[in-house]
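Trainee: I'm new to this one. Can you walk me through it?
Mentor: Sure. Ask away once it's on screen.

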Amino acid sequence: MRPVVNSREMKQCDGNTIQHFGVPSLVLMERAALAVVSHILKKVPKGGSALILCGNGNNGADGLAIARLLHQQGIRVSVVQTTDNGKRSQENKLQCQILHTYGIPVGSQFPVEEPGPLSAGNSKTYDCIVDALFGVGLSRPLQGADAQWIAAANRMDGYKVAVDMPSGVSSDSGKAYEPCFAADLTVTFAYQKIGQLLYPGCAKCGVVKTALIGITDESWLESRPSCYLTEPSDLKKLPKRPSYSNKGTFGKVLVVAGSKGMAGAALFCAQAAYRSGCGLVKVCTPEENRAPLQTLLPEAILLTLSEQEWKPEPILEALAWADAVVLGPGIGTGEQACRLVELVLCHASAPVVIDADGLNVLSMQKDLLQRVPAGCVITPHLGEMARLTAKAVPQIQEELLPAAREFATRHKLVCVLKDARTVTALPDGTAYINTAGCSAMAKGGSGDVLAGILAGLVAQGMPVQEAAPLGVYVHGLAGEAAAAKTGAYSVLARDLADALGCVLNEPAKVAGAASE
């Protein structure tokens, strides 16, 4: 797990490095500027041109230092800076003075004169446009000249580079205000920012490169990161497969899923639990699903329910048997489904993964939320989360991380909030962002597979707090592997379950491919 930070945490680490460890801010600034310049020089030939847009804070000071270093490398630089609002930082003033001493003019009008050819629309063209207006600190729409400059820069040709964060994109939430800088490359410092991982902001960042400038893990002092990014090295935490073992060694999963006409939900979930390594899977489902399940997954143990003769005793026995439980995929929201949800929540002794209709029943009967045992996992997509919280889907999309955190901490459970970038929040507020996966996974049954993976890992002995973010990551990697084999349009839920073998049995290979 790699820390990712919000603006407050980044400022804290920056301040601790300067004040506690005594590293001068200008040293950090010079290293940051050198890192950005090294990337620009890979794209801009000697004698090329660059336009650098600078603000009044230390992000603008970084831009001024970048202009000097590019000038010294033979790049024709044109520098513009926003009007002094009386809040220009000391470092910014010093960098301005250094440019003046070198004879590099700093303009205040956009666009500045540049000897290159004119592009369509009669705009000046540059080989590179650098955004150093705001960095990580902005959490509002751009206004006035700032907005005009960014809009004009976006219309220009040339390789666009953001310094630390594209202006107009929130580093805390990924919200992208209009206009915002549309970067081809973002060079960020010390740690990736949360807003560089979440949509829509991440789409405005282009390729993100993290530069090490001297702010290290020691800079946290007594505090700790609150958010992490799952990454290939986390696959080392997968449960081991000891030679001296039997099916009981690897745990037992109870899947309470399916209804008449919804055998697939139970099938995909049970398949994924088996594929993730657990030893035994028992499926509690209506009698109508017996034939398809026995045909397509004969390895599963079946506990079938009759709507006419519904008895709790066999379910209670299965709950006592299980090391992990999946509750909800495809069970519907009728009377029997509500009785099932209440029975499982009141009597489960193992961790429960609540998915799909299990969540819909909870949203219908909010009092059942109080019966969810501590340490359970919920896996809502945006619509299900909206029903659970009585919030609109767009509001949850804009507040993905705080929405997951608030629900997890309030109800003392693990919340896996599914979106293009899934967020996993723990009861203590720690959160994990997953960037693995692809649009090929946007198919019916994909969530059932995820629920099975999570339960399979828990049944093998992984703590829920570790199994949840790792299971989400494994699910995403399986989606990438399935898409590589089948194509982005044609992946089915069964392909995700089948691809788990590649991910789990060759983690080093998968990790290497994912990190390239």
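Trainee: Is Glu 398 buried, partly exposed or exposed?
Mentor: Glu 398 counts as partly exposed, because its relative accessibility is 44%. Keep in mind that this is a predicted model.

Trainee: What does Glu 398 pair with in a salt bridge?
Mentor: Its partner is Lys 175, at 3.7 Å from N to O. The two come from distant parts of the chain, 223 residues apart. Lys 175 sits in the loop between strand 6 and strand 7, and Glu 398 in helix 13, residues 393-398. Lys 175 is partly exposed too, at 28% relative accessible area.

Trainee: How many salt bridges are there?
Mentor: The count comes to 10. One of them joins Glu 30 and Arg 68, whose closest N and O atoms are 2.8 Å apart. Glu 30 is in helix 2 and Arg 68 is in helix 3, residues 58-72, so to speak 38 residues along the chain.

Trainee: Which of those two is buried, and which is partly exposed?
Mentor: Arg 68 is buried, at 8% relative accessibility. Glu 30 is partly exposed, at 25%.

Trainee: And what does Arg 371 pair with?
Mentor: Arg 371 forms a salt bridge with Glu 342, with the closest N and O atoms 2.7 Å apart. Arg 371 lies in the loop between helix 11 and strand 16, while Glu 342 is in helix 10, so the bridge ties together parts 29 residues apart in sequence. Arg 371 is partly exposed at 37%, and Glu 342 is partly exposed at 32%.

Trainee: New topic: sheets. What is the strand order in the open sheet of seven strands?
Mentor: The order is 4-3-2-5-6-7-9, with parallel pairing. Strand 4 (106-107) and strand 9 (207-211) are the edges, and each pairs on one side only.

Trainee: How many bridges join strand 3 to strand 4?
Mentor: Two, and the strands run parallel. Val 79 has Val 106 in strand 4 as its bridge partner.

Trainee: Which strands does helix 2 lie across?
Mentor: Helix 2, residues 25-40, lies across strands 5, 6, 7 and 9. It runs at about 155° to strand 7.

Trainee: What about strand 14? Where are its buried residues?
Mentor: On both faces. Ala 324 and Val 326 are buried on one side, Val 325 and Leu 327 on the other.

Trainee: Which strands pair with it?
Mentor: Strand 11 pairs with strand 14 in the parallel sense over four bridges. Val 255 has Val 326 as its bridge partner there. Strand 15 (residues 352-354) is joined to strand 14 by three bridges, also parallel. In that pairing Leu 327 stands opposite Ile 354. Strand 14, helix 10 and strand 15 make a right-handed β-α-β unit.

Trainee: Now the inside. Which residues touch the most other members of the largest nonpolar core?
Mentor: Val 253, Val 281, Val 283 and Val 474, out of 61 residues. Helix 16 gives the most to this core, with 11 residues. Nonpolar side chains in soluble globular proteins tend to be buried together.

Trainee: What does Val 283 touch?
Mentor: Beyond its neighbours within four places in sequence, its contacts include Val 255, Ala 266, Leu 293 and Ile 301.

Trainee: How many residues are in the second core?
Mentor: That separate core has 55 residues, among them Leu 197, Leu 305, Trp 310 and Ala 386.

How values were computed. Residues numbered from 1 in each chain as written. Predicted model: local features only at pLDDT ≥ 70, side-chain atom pairs only at ≥ 80, totals over all residues. Heavy atoms only, no water. Pairing = 2+ DSSP bridges. Contact = heavy atoms within 4.5 Å. Axes fitted to C-alpha atoms, helices over the stretch in contact; angles between N-to-C directions. Salt bridge = Lys/Arg side-chain N within 4 Å of Asp/Glu carboxyl O. Buried < 20%, exposed > 50% of the residue type's maximum accessible area, 1.4 Å probe, protein only. Core = buried A, V, L, I, M, F, W, Y, C linked by side-chain atoms within 4.5 Å. Right-handed = clockwise from strand over helix to strand, strands pointing away.
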